[in-house]
Amino acid sequence: FYSEHPDFQRGWYRFVLGFIKKVLLASILSIITVEVFNMDLSLASPAILWLGSICYSLQLYYDFSGYSDMAIGISEICGISCSENFNYPYMTASVSEFWRRWHISLGSWFKDYIYIQLGGSRVKSKVSIYRNLLIVWFLTGIWHGAKWTFIFWGLSYFVIIALEKTFYIPNRFHSNIIRMLYRIFTLLFINCQWVIFNSSELYNGLRYIKHMLIPSGRGGELANQRTLILLQEYGIFIGVAIFFTMPVVPKIKMWICQNKRRLQIGSIVFAFLLSFLFVWSISFVIAGQNNPFLYGNF
């Protein structure tokens, strides 16, 4: 859709898109995640803890993909071509596929300079393959920080990816229902891992997940009321955030480009909508309703 435009226009579009992702989605979702992750877990309900964890999964995606879009946009404005860093990661069918879609540049670096250098999958024994995977995921955890939360996070991915590789999951599943169930498991696993990732201590993260699954029996009613209030206040932003984790925009662009009249009208509508959202985002920044990039911590 925008490939017909000069590099400057294409880069500016990408920068604005990333800016909107960061300010109108990631920063607003952070209001919920900060509140929920700072709650007394003994007074929380599973509903509000699930809401907090899902919002953090979305916040991290829009924060980091927005950051990547802005970087790619600035590069294109300067005439430099950069590779994509995200490819709708939550549309994954497995944990292994998730990491081929999420933070692609980091995954490619570890694959090229660690995994392949160790022999990759072209080694004589399966034990060596698992050893190589273990080293990669241990280092991936350490790369994010020398904390038990990150080490546990990295090793958890190693365990699931090793199982997928051993039992040829999900390719061995012939039933669409089983494939769908495994997709759900994958998203639940990723969501729980982001809870660990966002926790100050490993114990706190595991305790959070425990309370997500087992009601504490204290303060549940008040916490559920607060959940409804948060959904009423921010439900539209959460809904939009979930909606755009799906490849909706490319399909709309493809449909628009099939007809010259639609292309003309679509270009005007899209330019107006993007301009409106950009101005709205700037108003949030001026009002101080934004926060630093999450990935600036790493």
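**Stop 1: helix H8**

Start by selecting Tyr203 and Leu213 on H8: both are exposed, on the other side of the helix from its buried residues. Keep in mind as you go that this is a predicted model.

Now colour the buried residues of H8, which are Gly205, Tyr208, Ile209, His211 and Met212. Turn the view until you look down the axis of H8: these buried residues fall within an arc of 165°, so they line one face of the helix. What do they pack against? Show helix H1 (7-37), helix H2 (46-77) and helix H7 (176-198), and you have the partners of that buried face.

While H8 is on screen, try the distance tool. The helix has 12 residues, 202-213, and at 1.5 Å a residue it should span 16 Å. Its end C-alpha atoms lie 17 Å apart, which agrees.

**Stop 2: the largest pocket**

Next, select Tyr13, Leu17, Lys21, Phe244 and Val249. The largest pocket has a volume of about 1100 Å³, and of the 37 residues that line this pocket, those five are the closest to its centre.

To see where the walls come from, show H1, H2, helix H9 (220-243), helix H10 (248-257) and helix H11 (260-286); each of them supplies at least two residues of the lining of the largest pocket. Colour that lining by residue class and you should find 27 nonpolar, five polar and five charged residues.

**Stop 3: the second largest pocket**

Move on to the second largest pocket, which holds about 860 Å³ of space. Which residues mark its centre? Select Ser96, Arg100, Lys111, Leu133 and Ile161, the closest to the centre among the 28 residues of the lining.

Four helices give two or more residues each to the lining of this second pocket: helix H3 (95-101), helix H4 (104-115), helix H5 (126-144) and helix H6 (148-167). Which of these elements gives the largest share of the lining? Highlight H4, and you will see its seven residues. By class, the lining of the second largest pocket has 13 nonpolar, nine polar and six charged residues.

**Stop 4: Asn85 and its surroundings**

Go now to Asn85, in the loop between H2 and H3. Is this residue buried or exposed? At 8% relative accessibility, Asn85 counts as buried, since the cut-off for buried is under 20%.

Show the neighbours of Asn85. Leaving aside residues up to four places away in sequence, Asn85 touches Phe64, Ser68, Arg101, Trp102, His103, Ile104 and Ser105. You met Arg100 at the second largest pocket; Asn85 and Arg100 are 15 residues apart in sequence and 9.7 Å apart in space, C-alpha to C-alpha.

From Asn85, step across to one of the residues it touches, His103. His103 lies in the loop between H3 and H4 and, at 7% relative accessibility, counts as buried. Check its backbone too: His103 has a positive phi of about 45° although it is not a glycine.

**Stop 5: two more backbone details**

Return to the loop between H2 and H3 and pick Tyr88. Its phi is near 45°, a positive value in a residue other than glycine.

Finish in the loop between H6 and H7, where Pro170 has its place. Zoom in on the peptide bond that runs from Ile169 to Pro170. Is it cis or trans? The bond is cis, with omega near 5°.

Key: Residues are numbered from 1 along each chain as its sequence is written. This is a predicted model: local features need pLDDT of at least 70, side-chain atom pairs count only at pLDDT 80 or more; totals for chains, interfaces and linings use all residues. Side-chain values use heavy atoms; hydrogens and water are left out. The expected span of a helix is 1.5 Å times one less than its number of residues. Buried means under 20% relative accessible area, exposed over 50%, partly exposed in between (1.4 Å probe, protein chains only). The arc is that of the directions from the helix axis to the C-beta atoms. Contact means heavy atoms within 4.5 Å. On a 1 Å grid over the protein atoms alone, a cavity is a set of points where a 1.4 Å probe fits but cannot get out, and a pocket is an open set with protein on both sides within 12 Å along at least five of seven lines; lining residues have an atom within 4 Å of a point. Grid points are joined across faces, edges and corners, and a volume is the space filled by probe spheres set on the points. Ala, Val, Leu, Ile, Met, Phe, Trp, Tyr, Cys and Pro count as nonpolar, Asp, Glu, Lys and Arg as charged, and the others, Gly among them, as polar.
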